[in-house]
Amino acid sequence: MSGFSAEWLGLREPADHRARNREIASALSARLAQREAVSIVDIGCGAASNLKATALLLPDRQTWRLVDYDANLLTAARERLMDWADASKSEDAQLVLEKDGKHIDVTFHQFDLNADLEGALGEHPDLVTSAAFFDLTSVAFMQRFAAAVVARKAAFYTVLTYNGRQRWSPHHPSDNAIVAAFHRHQMRDKGFGSAAGPTSALELGEQFRLHGYSVLEGDSPWDLGPSDAALIAELQAGHAAAVAETGAVDAKTLERWVGLKRTGAIIGHTDTLALPG
Ligand SMILES: C[S@@+](CC[C@H](N)C(=O)[O-])C[C@H]1O[C@@H](n2cnc3c(N)ncnc32)[C@H](O)[C@@H]1O
């Protein structure tokens with residue numbers, strides 16, 4: 001178990017897909033458009049939300065390798081892809097999907113990315129991708145990761161890396177203290193050493209630039225309003241739980257904060273595309 005439930009990932013999926021930066025997505029699409037087929041690795045795939053959004057940007061024949069260390073999420077990924085596809089069939093360990101004229105072969109792999117990054121990436125992906133993943137990782141992991149992607153001469157596309165920007169509506173004076181404590185929690189070890197948290201998008205771009213890759217970055221904020229009430233409530237509860245673990249905000253303030261009625265929230269993310277020269 002990773003601590004990310006399939007229910008939580010399902011709840012955030014519409015906001016995630018809406019938030020993706022369209023210019024970065026178009027640049028990825030243009031880069032790979034001439035190919036007949038592409039092979040893709042999705043790291044920290046969860047319940048396959050990233051495949052569902054990214055497949056539509058890519059050529060008609062695709063081979064996906066989905067990697068996560070959580071077996072329950074890999075099972076959820078298989079089920080959700082079968083629901084999403086126009087047609088699907090299982091061939092041994094492989095899932096074969098048809099969606100909007102695209103032929104998509106998918107395999108599922110359980111790896112701890114920190115323990116066996118090389119095994120997780122496999123040998124010859126054209127594209128390494130991920131969503132809502134890199135803020136969990138450390139600078140040391142990003143260094144190793146960038147070197148491993150560069151060694152494969154692969155393109156890299158990641159979306160929805162939390163970038164530290166938050167604005168709750170209506171604003172409450174305790175928001176600043178809560179966000180500061182939340183960031184302290186974000187920088188705790190999430191399995192990769194001290195996490196880069198809100199600075200991870202900056203660090204990630206830098207690692208690829210050091211290897212001579214061209215890096216494009218763009219904002220992909222969640223812009224949540226009254227129709228996202230369930231997601232806002234979960235977000236508030238999640239923040240409160242994380243902040244409580246830090247002990248940086250007193251219990252009474254925290255209790256009041258989690259009970260505040262919010263009509264909206266902006267949560268900043270960054271999308272990154274890194275391409276070999
Ligand atoms: C925030 S979730 C994002 C899931 C999915 N990419 C999405 O957009 O819905 C982070 C994912 O990273 C996975 N993960 C975290 N640490 C990992 C590790 N060390 N090895 C493999 N997967 C990991 C979790 O299991 C989870 O599925």
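## How the ligand is held

In this predicted model, a nitrogen atom of the ligand comes to 2.7 Å from a polar backbone atom of Gly 44. Two further contacts are worth finding in the viewer. Asp 68 takes part through its side chain, with a polar atom 2.6 Å from an oxygen atom of the ligand. Ala 131 instead uses its backbone, placing an N or O atom 2.9 Å from a nitrogen atom of the ligand. Taken alone, the ligand would expose 590 Å², and the protein buries 98% of that area.

## The shell around it

How many residues surround the ligand? There are 19, and the closest are Gly 44, Asp 68, Asp 112, Leu 113 and Ala 131. You have already met Gly 44, Asp 68 and Ala 131 through their polar contacts.

What classes of residue make up the shell around the ligand? Twelve are nonpolar, four are polar and three are charged.

## The pocket

Now look at the space itself. The ligand occupies the largest pocket of the protein, which has a volume of about 1,400 Å³. Its lining is made of 49 residues, and those nearest the centre of the pocket are Gly 3, Phe 4, Trp 8, Arg 12 and Leu 136. Several elements give two or more residues to this lining: helices H1 (6-19), H3 (49-54), H7 (175-186) and H9 (229-246), together with strands E6 (127-131), E7 (155-169) and E10 (264-275).

Which element gives the largest share of the lining? That is H9, with eight residues. Sorted by class, the lining of the largest pocket has 23 nonpolar, 16 polar and ten charged residues.

## Two unusual spots in the backbone

Before you trace the chain, keep a general pattern in mind: most residues other than glycine have a negative phi, and most peptide bonds are trans. Two places in this model are worth checking against that pattern.

The first place to visit is the peptide bond from Ser 169 to Pro 170, which is cis, with omega near -10 degrees. Pro 170 is found in the loop between E7 and H7, and both of those elements also give residues to the lining of the largest pocket.

The other place is Asp 92. Although Asp 92 is not a glycine, its phi is positive, at about 50 degrees. Where does Asp 92 lie? Look in the loop between strand E3 (87-91) and strand E4 (94-99).

Definitions and conventions
Residues are numbered from 1 along each chain as its sequence is written. This is a predicted model: local features need pLDDT of at least 70, side-chain atom pairs count only at pLDDT 80 or more; totals for chains, interfaces and linings use all residues. Side-chain values use heavy atoms; hydrogens and water are left out. A residue is near a molecule or strand if one of its heavy atoms lies within 4 Å of it. A polar contact is a pair of N or O atoms within 3.5 Å; within protein, one must be able to donate a hydrogen and the other to accept it, and residues adjacent in sequence count only if both atoms are side-chain atoms. Accessible areas come from the Shrake-Rupley method with a 1.4 Å probe; for residues, only the protein chains shown count as cover. On a 1 Å grid over the protein atoms alone, a cavity is a set of points where a 1.4 Å probe fits but cannot get out, and a pocket is an open set with protein on both sides within 12 Å along at least five of seven lines; lining residues have an atom within 4 Å of a point. A molecule sits in a cavity or pocket if more than half of its atoms lie within 2 Å of its grid points. Ala, Val, Leu, Ile, Met, Phe, Trp, Tyr, Cys and Pro count as nonpolar, Asp, Glu, Lys and Arg as charged, and the others, Gly among them, as polar. Grid points are joined across faces, edges and corners, and a volume is the space filled by probe spheres set on the points. Helices (H or I, at least four residues) and strands (E, at least two) are DSSP runs, numbered from the N terminus.
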